[in-house]
Amino acid sequence: MNTESNALATLIAKEEIRELAMLYSRGVDRKDAALLRTLYTRDATDTHGDTFDGNAEAYVQFLERAFPHMRYSGHHICNHLIAVDGRQGEGEVYAIAWHVIPDGKGGWMEDLMCVRYVDRYRHEDRRWRFAQRVVSYDLRSQRPLATPGIPAAQGDDPSFTVLKSRLFARGPRA
């Protein structure tokens with residue numbers, strides 16, 4: 001491959017990896033476990049500080065148990081720096097994650113986190129996937145929330161009902 005072809009292949013890989021990170025955010029925020037399962041390699045691991053450390057399937061199961069209790073979840077990607085070397089890659093994603101969760105006393109609290117996802121990526125089965133995710137919490141704030149507001153839409157969410165592209169559908173991507 002010539003230099004121009006290598007540069008183009010690297011740009012395409014980086015864009016696919018950026019989409020992977022955005023699909024992860026969408027999967028968690030829209031409570032779409034089927035989608036999340038497609039984003040990891042078969043041998044992937046995920047470490048979320050002292051909350052979870054294990055294989056990707058166990059992590060998705062962990063999230064599935066948490067989904068019914070999360071009144072709102074919003075993951076907002078800020079910076080994403082990526083290095084690609086053939087079919088391997090690594091990157092660092094800065095994100096703000098905001099959740100409304102039970103406070104354990106019958107009320108609600110907001111859980112605001114400034115996180116960095118320190119990732120290893122691998123091209124597997126014709127797609128880029130997470131091979132390893134390690135979450136670093138740079139800042140975390142939890143405080144009572146007087147009124148939790150309207151819960152995020154689920155099945156009737158406009159992103160499912162209005163947008164017709166497969167990218168926005170529930171579950172795995174083709």
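Which side chain makes a polar contact with the side chain of R116? The first view below takes up this question, and the others move on through the rest of this predicted model.

**View 1. R116 and its polar partners.** The side chain of D138 is the answer: it makes a polar contact with the side chain of R116 at 2.8 Å. A second polar contact, with the side chain of E92, joins R116 at 2.8 Å. R116 itself is found in strand 5. If you set aside neighbours within four places in sequence, the residues in contact with R116 are E92, V93, Y94, V134, V135, S136 and D138.

**View 2. The largest pocket.** Here we look into a pocket with a volume of about 420 Å³. Its lining is made up of 22 residues, and those closest to the centre are T51, F62, L63, H99 and M113. Several elements contribute at least two lining residues each: helix 1 (3-29), helix 3 (56-66), strand 4 (88-102), strand 5 (108-124) and strand 6 (127-145). By class, 15 residues of this lining are nonpolar, five are polar and two are charged.

**View 3. The largest cavity.** The structure holds one cavity of 30 Å³ or more, and about 30 Å³ of space lies in the largest cavity. Which residues line the largest cavity? They are A21, Y24, S25, H75, I77, V93, A95, Y117 and R133. Helix 1, strand 3 (72-85) and strand 4 each give at least two residues to this lining, with the largest share, three residues, coming from helix 1. Sorted by class, the lining has six nonpolar residues, two polar residues and one charged residue.

**View 4. The buried side of helix 3.** Four residues of helix 3 are buried, namely A56, Y59, V60 and L63. Why do they sit on the same side of helix 3? They do so because the arc they cover around the axis is only 100 degrees. The packing partners of these buried residues are helix 1, helix 2 (33-37), strand 1 (40-48) and strand 2 (52-55). One of the buried residues, L63, also turns up among the residues closest to the centre of the largest pocket.

**View 5. The N-terminal cap of helix 3.** Staying with helix 3, this view turns to its N-terminal end, which is capped by N55. A side-chain oxygen of N55 lies 3.1 Å from the backbone nitrogen of E57. N55 also serves as a reference point for Y72, a residue of strand 3: the two are 17 residues apart along the chain, and their C-alpha atoms are separated by 25 Å. With a relative accessibility of 27%, Y72 counts as partly exposed.

**View 6. Two loop residues with positive phi.** Most residues other than glycine have a negative phi. K31 is a residue other than glycine with a positive phi, near 55 degrees. The place to look for K31 is the loop between helix 1 and helix 2. K31 counts as partly exposed because its relative accessibility is 21%. D125 is not a glycine either, yet has a positive phi of about 55 degrees. You will find D125 in the loop between strand 5 and strand 6. Its relative accessible area is 45%, so D125 is partly exposed.

**View 7. S159 in helix 4.** Is S159 buried or exposed? S159 is buried, because its relative accessible area is 14%, under the 20% cut-off. This residue belongs to helix 4, which spans residues 158-161. Not counting residues up to four places away in sequence, S159 touches R26, R30 and F168. Measuring C-alpha to C-alpha, S159 and E124 are 28 Å apart in space, with their positions 35 residues apart in sequence.

**View 8. N6 and G86.** How far apart in space are the C-alpha atoms of N6 and G86? They are 9.5 Å apart, although the two residues are 80 residues apart in sequence. N6 lies in helix 1, and with a relative accessibility of 38% it counts as partly exposed.

Technical notes:
Residues numbered from 1 in each chain as written. Predicted model: local features only at pLDDT ≥ 70, side-chain atom pairs only at ≥ 80, totals over all residues. Heavy atoms only, no water. 1 Å grid on protein atoms, 1.4 Å probe; cavity = no way out; pocket = protein on both sides within 12 Å on 5 of 7 lines; lining within 4 Å. Points joined across faces, edges and corners; volume = space filled by probe spheres on them. Nonpolar A, V, L, I, M, F, W, Y, C, P; charged D, E, K, R; others polar. Buried < 20%, exposed > 50% of the residue type's maximum accessible area, 1.4 Å probe, protein only. Arc of directions from axis to C-beta. Contact = heavy atoms within 4.5 Å. Polar contact = N/O pair within 3.5 Å; in protein donor to acceptor, adjacent residues only side chain to side chain.
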